[in-house]
Protein chains: 2
Amino acid sequence: MARKPTKSGRIRLTEVAKLAGVSPITASRFFRNPEALSASKRQRVESAVKELDYVPNLAARALASHRTEVIGVLIPSLTNNVFSDVLRGIYDGSEGSRYSIQFANTRYSILQEEKLLRLFQAQKPAGLIVTGINQTPESRRIMESMKCPTVQIMEIGPDPVDMMVGFSHYEAAFAAISHLIAQGFQRIGILGARMDPRVQRRLDGYRDAMKAASLFDPRLIVTTPTPTSMTLGGALFADLLSQVPDLDAVFCVNDDLALGVLFECQRRQITVPDAMAIVGFNDMEFMASAVPPLSSVRTNRYEMGRNAITMVTTALEGHRPAEPVVDLGFELMIRQSSTARSA
Amino acid sequence: MARKPTKSGRIRLTEVAKLAGVSPITASRFFRNPEALSASKRQRVESAVKELDYVPNLAARALASHRTEVIGVLIPSLTNNVFSDVLRGIYDGSEGSRYSIQFANTRYSILQEEKLLRLFQAQKPAGLIVTGINQTPESRRIMESMKCPTVQIMEIGPDPVDMMVGFSHYEAAFAAISHLIAQGFQRIGILGARMDPRVQRRLDGYRDAMKAASLFDPRLIVTTPTPTSMTLGGALFADLLSQVPDLDAVFCVNDDLALGVLFECQRRQITVPDAMAIVGFNDMEFMASAVPPLSSVRTNRYEMGRNAITMVTTALEGHRPAEPVVDLGFELMIRQSSTARSA
DNA sequence: CAATCCGTTGGTAGCGCTGTCAATATTTGT
DNA sequence: ACAAATATTGACAGCGCTACCAACGGATTG
């Protein structure tokens, strides 16, 4: 009578323990630290769990342990395909682990990010994955105070909050432009949309590469804060072309824009690459199957997500990586759209 | 001494209550049912919450109330852009509400779906959004036993578990084919990838429309269980063309395939639409900016997500919709790629 | 004027689990 | 063989919140 046997019909840890003939706390340990149990008890608890089809109550667990098994993920956008690849990596990597993912959308606002971080903080997540390295000082303070494994993803930089996985957008853009220059293109424009911090760094890479070759001209830069789209790519290209009629190549800060440019070229009977070279960024699947195949900078988005979640979970198991910053690099995918003009 | 004042440093509801000069339970009611409080107490609690910057402990709340404020979302894939649009609608629609989204990925497997449903069940979500109408009997049983607002999305059909938002894939495909037939095309092929239940229904629509016009020929059907991609579109199109050399139109069960077909046509110097009409499905943004602009069937994916979450949250507030099944319809976007041949 | 009602408030008793630490088995070293 | 160290195990007390029910005061009623 002191303890109602199965009051709500729901199976509790107590029932499992009773069936296994152990104390509840031992049954509890079965989940948290199975190695600490003797083989025989472990067996008994395991089969009791299976027999009763026991599922732990996460709320009770969280309340008692002051922790959750939730990994918070802050990503700026769901619209952008780049992030769905990253998310996919994160979800795939979390499968099979005890952790679940709590995703939230910052909408490219670092203030929104701060707000969400505060919300997460209150719920004591087991780990955290955040996008980029441009957090507000307050956000940084919150993250540091949470003392949970934290990974900044998408780019790398100095002074990580904890860990990082990404690559240098600056260098990737620099490499793309250097390639175009090496192929003999001179009037190389750049098209940019959304202009988040990572896109800005690509722009920096472009600028420095152009300056290094004494090819820089501010009129070659066309950007907009508008979110990216193929249609926008065509429109920006039209703008650029009217400003710079002798344009011979375009670097697009993402592939959507690049494909939009290709179609705009088709519309205007501009041959690619002879009259206009095109290079995109990210190397989405469609780039290789366009006509002509479009050059791009391959970024390892899926791997980034996967790495990030793995770094969090292994850190949670006490194995911190030797090197907290992982550079996943990039690869120049040179295709027909940016090969040297026949001349 | 009976109660440690602020043991962990964390602000609890008790502290708020003390500052407001009310009992903890009254403070608790402030969050759950503010109208039940007198205006003066409500004021006092409100400012205490603000002053202490109180954030409720969701785990404690869930444990005590046997409910959570989490809405579970089951979606088959993150890779497919269609679902990122839906998810975006869901997240946008949940913003500002008290509910948070717990997303999980079924990977197009109804067994995996069942497993995830069982997991959700144990955590007592406030609501549920699931994809499609092809659940296992056991999944259905679980959903019915959960007694929380549930919305099936993406398609509509008879006998909803609870509510539904979607459209008829069968009719959408039927309409697309009827359009092609009306434009004078006769040898109309269909390209299908992934072949999930909704794609199957599009295939059914195709088949019936073709049969109704006495144009059906099984060789016109090329499908694969492989996930969709642009490259795949090109490859499937090549297969189809080798089987049916006199092909004059292709209906693609999604836009990726359609764009792949367009590029394959460019590669083979097949003029679109004169030598080959193309119609896609979903009307992704890029369809309109291709050259020539590609026809497609517009589906309201974002709205579907938004509607679904709204239906759940309003049901949670006790306002069940008069009609549990919402048909969001579709719209034939007829563009140059499927206009009647000049002849 | 007592009986009744309703709107508002508070007390009590857990929700199901785990942290802490003590207690008990088991092994090891000398 | 016995102390010391180490592996296993269990008792107890709560985590922070809310369900349930009782109590209160004032308004309404016959």
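Reader: Against which helices of chain A do the buried residues of H1(A) pack?
Author: In this predicted model, local features need pLDDT of at least 70 and side-chain atom pairs pLDDT 80 or more, while totals for chains, interfaces and linings use all residues. Residues are numbered from 1 along each chain as its sequence is written, chains are lettered from A and ligands numbered from 1 in the order written, and side-chain values use heavy atoms, without hydrogens and water. The buried residues of H1(A) (helices being DSSP runs of H or I, at least four residues, numbered from the N terminus) pack against helix H2 (24-32) and helix H3 (39-52).

Reader: How many of the eight residues of H1(A) are buried?
Author: Buried means under 20% relative accessible area (exposed over 50%, partly exposed in between; 1.4 Å probe, protein chains only). Leu13(A), Thr14(A), Glu15(A), Val16(A), Ala17(A) and Ala20(A) are buried. H1(A), residues 13-20, is largely enclosed by the rest of the structure, because the number of buried residues is six.

Reader: How many disulfides are found over all chains?
Author: A disulfide is a pair of cysteine sulfur atoms within 2.5 Å. Cys252(B) is buried, at 0% relative accessibility, but its sulfur is 9.3 Å from the closest cysteine sulfur, in Cys265(B), and therefore too far for a bond. Over all chains, the number of disulfides found is zero.

Reader: How are H10(B) and H11(B) oriented to each other?
Author: H10(B), residues 230-243, and H11(B), residues 255-267, pack with their axes 7 Å apart. Their angle is about 60° (axes are fitted to C-alpha atoms over the stretch in contact, and angles run from 0 to 180 degrees between N-to-C directions). Under 35 degrees is roughly parallel, over 145 roughly antiparallel, 65 to 115 roughly perpendicular and the rest oblique; H10(B) and H11(B) are therefore oblique.

Terms used:
Helices (H or I, at least four residues) and strands (E, at least two) are DSSP runs, numbered from the N terminus. Contact means heavy atoms within 4.5 Å.
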